[in-house]
Amino acid sequence: MIKNKSFLNGLGLGLILGAVLLQLMFLGQTASSTAESKTEWTREELEQAADSINLRVLESQEELMTEEEWSELQKQDEQQQPTASDNQQGGAAAPKASPTDQGGSLEPAAPSQPESPEKTTAPKAKAPAPAAEPAPQKSAPPAAPEAPKAVYIKYSIPPGAHLSDVAAGLKQSGVIQDAAAFVTAATEKKINLSIQQGTFTFRKGESFGSIMEKITSKPQS
């Protein structure tokens, strides 16, 4: 008994679901048919719908226009309508008569001569003043070279000194530069035996003759 009850419950639910599905299918078919019938509009309905949203229905051969071009075209149509009505009321205006129709040809006016520009005197350029030449500077005469100061040298001749010893001592002291030349000159004068002993004062670079004269004389005290 329990099995039969559950079977019946399932059967009842199945019938209810089937009925609901059939109802839904019926509603879908009705909506689709309504939509198909509504999509087929007449030209008047299309034009009325386009006018309501400020649009225009065009044929397939006509050129498509943007919203800006369509607004410009409407403005041009509005401007042409008043001008057409004015032409109908008053007619075309008569053309004005040209000067030749009224009284003959007009002679062209002679061109006016350009006025000569006023003579302007250019300002005379002043000659530049000659530049003053600088006075020549007097150069001071070159100073005379100072005479070299004489250098004096004292040399002592020991007793019994020979001529060669005296010549070597004079060279070493800086009085003469060539001892052999002094010996040759003194030998020619034959002063070998006339040489005096003592301390003598000589000038650096003194001549051989002056030296020989001093050493053959007694030294000054």
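Glu67, Glu68, Glu69 and Glu72 together form a negative patch on the surface of this predicted model. Patches are built from residues with over 30% relative accessible area and no salt bridge, with like charges joined within 9 Å and nonpolar side chains (Val, Leu, Ile, Met, Phe, Trp, Tyr) within 5 Å. For the charges, Lys and Arg count as positive and Asp and Glu as negative, while His and the chain ends are not counted; the place of a charge is NZ of Lys, CZ of Arg, CG of Asp or CD of Glu. One member of the patch, glutamate 72, sits in helix α3, which covers residues 67-90. With a relative accessible area of 47%, glutamate 72 is partly exposed; here buried means under 20% relative accessible area, exposed over 50%, and partly exposed in between (1.4 Å probe, protein chains only).

Residues are numbered from 1 along each chain as its sequence is written, and side-chain values use heavy atoms, with hydrogens and water left out. As the model is predicted, local features need pLDDT of at least 70 and side-chain atom pairs count only at pLDDT 80 or more, whereas totals for chains, interfaces and linings use all residues.

A nonpolar patch also lies on the surface, formed by Leu13, Ile16, Val20, Leu21, Leu24, Phe26 and Leu27, with about 720 Å² of accessible area together. Such areas come from the Shrake-Rupley method with a 1.4 Å probe, and for residues only the protein chains shown count as cover. Leucine 21 belongs to helix α1 (residues 2-39) and is exposed, at 52% relative accessible area.

Turning to the overall fold, the chain holds seven helices and two strands, where helices (H or I, at least four residues) and strands (E, at least two) are DSSP runs numbered from the N terminus. Their order from the N terminus is α-α-α-α-β-α-α-β-α. Of the 221 residues in the chain, 11% are buried.

The two strands, β1 and β2 (residues 198-203), pair in the antiparallel sense over six bridges; pairing requires that DSSP finds at least two bridges between two strands. Side chains alternate along β1 (residues 152-157): Ile153, Tyr155 and Ile157 are buried and point to one face, while Tyr152, Lys154 and Ser156 point to the other and are not buried. Across the pairing, lysine 154 stands opposite threonine 201 of β2. Tyrosine 152 is exposed, with a relative accessible area of 57%, and its C-alpha atom is separated by 8.6 Å from that of valine 175, 23 residues apart along the chain.

Another contact in space involves leucine 163 of helix α5 (residues 163-173). Leucine 163 and threonine 187 are 24 residues apart in sequence, with 8.5 Å between their C-alpha atoms. At 9% relative accessibility, leucine 163 is buried.

In the loop between α6 (179-189) and β2 lies lysine 190. Although not a glycine, lysine 190 has a positive phi of about 60°. Lysine 190 is also exposed, at 70% relative accessible area.

Side chains of opposite charge can pair when their charged atoms come close. The structure holds one salt bridge, a term that stands for a side-chain nitrogen of Lys or Arg within 4 Å of a carboxyl oxygen of Asp or Glu. Its partners are lysine 214 and glutamate 206, whose closest N and O atoms are 3.1 Å apart. Lysine 214 is partly exposed at 30% relative accessibility, whereas glutamate 206 is buried, with a relative accessible area of 5%.
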